[in-house]
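Student: I should like to take a close look at a single part of this protein. Would you please guide me through it with care?

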Amino acid sequence: MKFERMPFLAMIKQAKMRASSVPVSLLTIEAKIEHEGSGFAVTSAKARVGKDLVCSADLTFRHIPFPDPALRVHMDAMAEKIGFPQQAVPHD
């Protein structure tokens, strides 16, 4: 959503922990928006260590306007600092 609105985790559904990982593990997160509208976004997400699936879940987020413009500026700066994409990443 390009940080246009602020997401809040509203619900976790179908969560499955398939394996454990340790703090030094590199997790790769895949997420796909399944539905967006009416102030909510529903996503499906998977986490992997290497090729091994360690967890999956359906996540619902409530998204609202940022309560303060300064918070939006801070979120943009943090995203840039950690290299978080602020636009949709194209996939095959």
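Student: How many residues lie between strand 3 and strand 4 in their hairpin, and which residue in the turn has a positive phi?

Tutor: The model under discussion is predicted. Two residues lie between strand 3 and strand 4 in their hairpin, and glycine 50, in the turn, has a positive phi of about 65°.

Let us begin with the two arms of this hairpin. Strand 3 covers residues 40–49 and strand 4 covers residues 52–64. The two strands pair in the antiparallel sense, and ten bridges hold the record of that pairing. Two of the matched positions can be found in the display. Lysine 46 stands opposite serine 56 of strand 4, and alanine 47 has cysteine 55 of strand 4 as its bridge partner. When you follow such positions along a strand, a general rule is helpful: in a regular strand, side chains alternate between the two faces of the sheet.

Strand 3 also has a partner on its other flank in the sheet order, where strand 2 is found. Strand 2 and strand 3 run antiparallel and are joined by ten bridges. Here isoleucine 33 stands opposite threonine 43 of strand 3, while isoleucine 29 has alanine 47 of strand 3 as its bridge partner. Alanine 47 is thus a useful place to pause: its bridge partners include isoleucine 29 and cysteine 55. Strand 2 and strand 3 form a hairpin as well, with two residues between the strands. In that hairpin serine 38 takes a positive phi near 55°.

We may now place the hairpin in the whole sheet. Four strands form an open, antiparallel sheet in the order 1-4-3-2. Strand 1 (6–17) and strand 2 (27–37) stand at the edges; each has a single partner strand, so one side of each is left without a neighbour in the sheet. From one strand to the next, the twist averages 25°.

The strands also contribute to a pocket, the second largest, which holds about 160 Å³ of space. Strand 1, strand 2, strand 3 and strand 4 each give two or more residues to its lining. Among the lining residues are Ser44, Ala45 and Lys46, together with Ser56, Ala57 and Asp58. Lysine 46 and serine 56, which stand opposite each other, are therefore both part of this lining. By class, the lining has three nonpolar, three polar and six charged residues.

Finally, consider what follows the sheet. Along the sequence the pattern is β-β-β-β-α, with one helix and four strands in the protein. Aspartate 68 caps the N-terminal end of helix 1, with a side-chain oxygen 2.8 Å from the backbone nitrogen of alanine 70. The 14 residues of helix 1 (residues 69–82) should span 20 Å at 1.5 Å a residue, and the end C-alpha atoms are indeed 20 Å apart. Just after helix 1, glycine 83 takes a positive phi of about 75°.

Methods:
Residues are numbered from 1 along each chain as its sequence is written. This is a predicted model: local features need pLDDT of at least 70, side-chain atom pairs count only at pLDDT 80 or more; totals for chains, interfaces and linings use all residues. Side-chain values use heavy atoms; hydrogens and water are left out. Two strands pair if DSSP finds at least two bridges between them. Axes are lines fitted to C-alpha atoms, for helices over the stretch in contact, and angles run from 0 to 180 degrees between N-to-C directions. The expected span of a helix is 1.5 Å times one less than its number of residues. A polar contact is a pair of N or O atoms within 3.5 Å; within protein, one must be able to donate a hydrogen and the other to accept it, and residues adjacent in sequence count only if both atoms are side-chain atoms. On a 1 Å grid over the protein atoms alone, a cavity is a set of points where a 1.4 Å probe fits but cannot get out, and a pocket is an open set with protein on both sides within 12 Å along at least five of seven lines; lining residues have an atom within 4 Å of a point. Grid points are joined across faces, edges and corners, and a volume is the space filled by probe spheres set on the points. Ala, Val, Leu, Ile, Met, Phe, Trp, Tyr, Cys and Pro count as nonpolar, Asp, Glu, Lys and Arg as charged, and the others, Gly among them, as polar.
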